[in-house]
Amino acid sequence: YEADDDAMAVIRAAKLHQEAKSLLSLAKSYEAAGNEEQARATYQKVLDQYATADECCAMARKALAALE
């Protein structure tokens, strides 16, 4: 499968999506613990580093707006 560029692209996209979801979970944990500064920074990291993970970025933007 490594020689198949399409398959590798799907695998990379899935990996990025999972990483973004993990950061969203971390940000929610920070938020629940009352650490809004760290939550904001982590939501922003999702936006900065995982721009192709549309669903996760939408959730991060919504969460950031709610923290304002």
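This report looks at helix H2, its residue Thr-42, and the cysteines of a predicted model.

## Ground rules and confidence

Residues are counted from 1 along each chain as its sequence is written. Since we're dealing with a prediction, local features need pLDDT of at least 70 and side-chain atom pairs count only at pLDDT 80 or more, while totals for chains, interfaces and linings use all residues; side-chain values rest on heavy atoms, with hydrogens and water left out.

On pLDDT (the predictor's confidence in each residue, from 0 to 100), the protein chain averages 93, and 97% of the residues score at least 70. Confidence is highest in H2, at a mean of 97, and lowest in H1, at 94.

## Helix H2

H2 covers residues 36-49; helices here are DSSP runs (H or I, at least four residues), numbered from the N terminus. Its length checks out: at 1.5 Å a residue, the 14 residues should span 20 Å, and the end C-alpha atoms are indeed 20 Å apart. That expected span is 1.5 Å times one less than the number of residues.

Ala-39, Thr-42, Tyr-43, Val-46 and Leu-47 are the buried ones in H2, where buried means under 20% relative accessible area and exposed means over 50% (1.4 Å probe, protein chains only). Looking down the axis of H2, these buried residues fall within an arc of 145°, so they line one face of the helix; the arc is taken from the directions from the helix axis to the C-beta atoms. Glu-37 and Asp-48 sit on the other side and are exposed. As for partners, the buried residues of H2 pack against helix H1 (5-32) and helix H3 (54-67).

## A closer look at Thr-42

Thr-42 counts as buried because its relative accessibility is 5%. Setting aside neighbours within four places in sequence, Thr-42 is in contact (heavy atoms within 4.5 Å) with Leu-23, Leu-26, Ala-27 and Tyr-30.

Thr-42 also has a partner for its polar side chain: one of the side chain's polar atoms lies 2.8 Å from the backbone oxygen of Gln-38.

## The cysteines

Don't go hunting for disulfides (cysteine sulfur pairs within 2.5 Å): a search of the whole structure finds zero. For Cys-56, the closest cysteine sulfur is that of Cys-57, at 7.1 Å, which is too far for a bond. Cys-57, likewise, is in no disulfide.

Both residues are tucked away from the surface probe: Cys-56 is buried at a relative accessible area of 0%, and Cys-57 counts as buried at 4% relative accessibility.

Terms used:
Helices (H or I, at least four residues) and strands (E, at least two) are DSSP runs, numbered from the N terminus. A polar contact is a pair of N or O atoms within 3.5 Å; within protein, one must be able to donate a hydrogen and the other to accept it, and residues adjacent in sequence count only if both atoms are side-chain atoms.
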